[in-house]
Amino acid sequence: MHRSTLTDGIARMQPMTEGLVIPAGETVWLDNGMDAMFVQPVERYRAGDEVPATLVFEKAGRIDVTFKVEERSTGSGAAHEGHGQ
């Protein structure tokens, strides 16, 4: 997980070392520059793909999840130019 920021025209990614709070039973959207990054995937993800992953929670332990890859919305910020294209 990381957060992207744009300062003086320069995009920077900072690890989210504090983690991300996901309340039990809630859905959390990654916005405000937040990203989950998969490093060196075997193949490029495309809209419609489903990507299995394991999230590790402080109290709940390991939970298997599936990420659904969607088309990028037109409202994504400048800090994400070049991501997912």
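**Reading the aromatic pairs and the fold around them**

Modeller: Let's start with the rings: searching the whole structure, which is a predicted model, turns up two aromatic pairs.

Colleague: Happy to begin there. What is the geometry between F38 and Y45?

Modeller: The angle between the ring planes is what to read, and over 60 degrees counts as edge-to-face. For F38 and Y45 the planes are 80 degrees apart, with 5.7 Å centre to centre, so this pair is edge-to-face.

Colleague: Are those two residues buried or exposed?

Modeller: Buried needs a relative accessible area under 20%, exposed one over 50%, and partly exposed falls in between. F38 has 32% relative accessibility, so F38 is partly exposed. Y45, at 33%, is partly exposed as well.

Colleague: And how do F38 and F67 pair?

Modeller: F38 and F67 are edge-to-face, 5.7 Å centre to centre and with 80 degrees between the planes. F38 sits in the loop between β3 (34–35) and β4 (50–57), while F67 belongs to strand β5 (residues 61–68), so this pair ties together parts that are 29 residues apart in sequence. F67 is partly exposed too, with a relative accessibility of 29%.

Colleague: What do the ring pairs make of F38, Y45 and F67?

Modeller: A cluster: ring pairs link these three residues.

Colleague: Let's turn to I22. Where does I22 lie, and what is I22 in contact with beyond its sequence neighbours?

Modeller: For contacts, look for heavy atoms within 4.5 Å. I22 is found in the loop between β2 (10–15) and β3. Setting aside neighbours within four places in sequence, I22 touches V28 and F57. I22 and F57 are separated by 35 residues in sequence, yet their C-alpha atoms are 9.1 Å apart in space. With 33% relative accessibility, I22 counts as partly exposed.

Colleague: Now the whole chain, please. How many helices and strands are there?

Modeller: The chain has zero helices and five strands. Along the sequence, that gives the pattern β-β-β-β-β.

Colleague: What share of the chain's residues is buried, and what does the chain expose?

Modeller: Buried residues make up 12% of the 85 in the chain. The exposed area comes to about 7,200 Å², and 51% of that is supplied by carbon and sulfur atoms.

Colleague: Last one: among contacts between residues at least 6 apart in sequence, what share joins residues at least 24 apart?

Modeller: In this chain, that share is 34%.

Note on methods
Residues are numbered from 1 along each chain as its sequence is written. This is a predicted model: local features need pLDDT of at least 70, side-chain atom pairs count only at pLDDT 80 or more; totals for chains, interfaces and linings use all residues. Side-chain values use heavy atoms; hydrogens and water are left out. Rings of Phe, Tyr and Trp (its six-membered ring) pair if their centres lie within 6.5 Å; planes under 30 degrees apart count as stacked, over 60 as edge-to-face and the rest as tilted. Buried means under 20% relative accessible area, exposed over 50%, partly exposed in between (1.4 Å probe, protein chains only). Helices (H or I, at least four residues) and strands (E, at least two) are DSSP runs, numbered from the N terminus. Accessible areas come from the Shrake-Rupley method with a 1.4 Å probe; for residues, only the protein chains shown count as cover.
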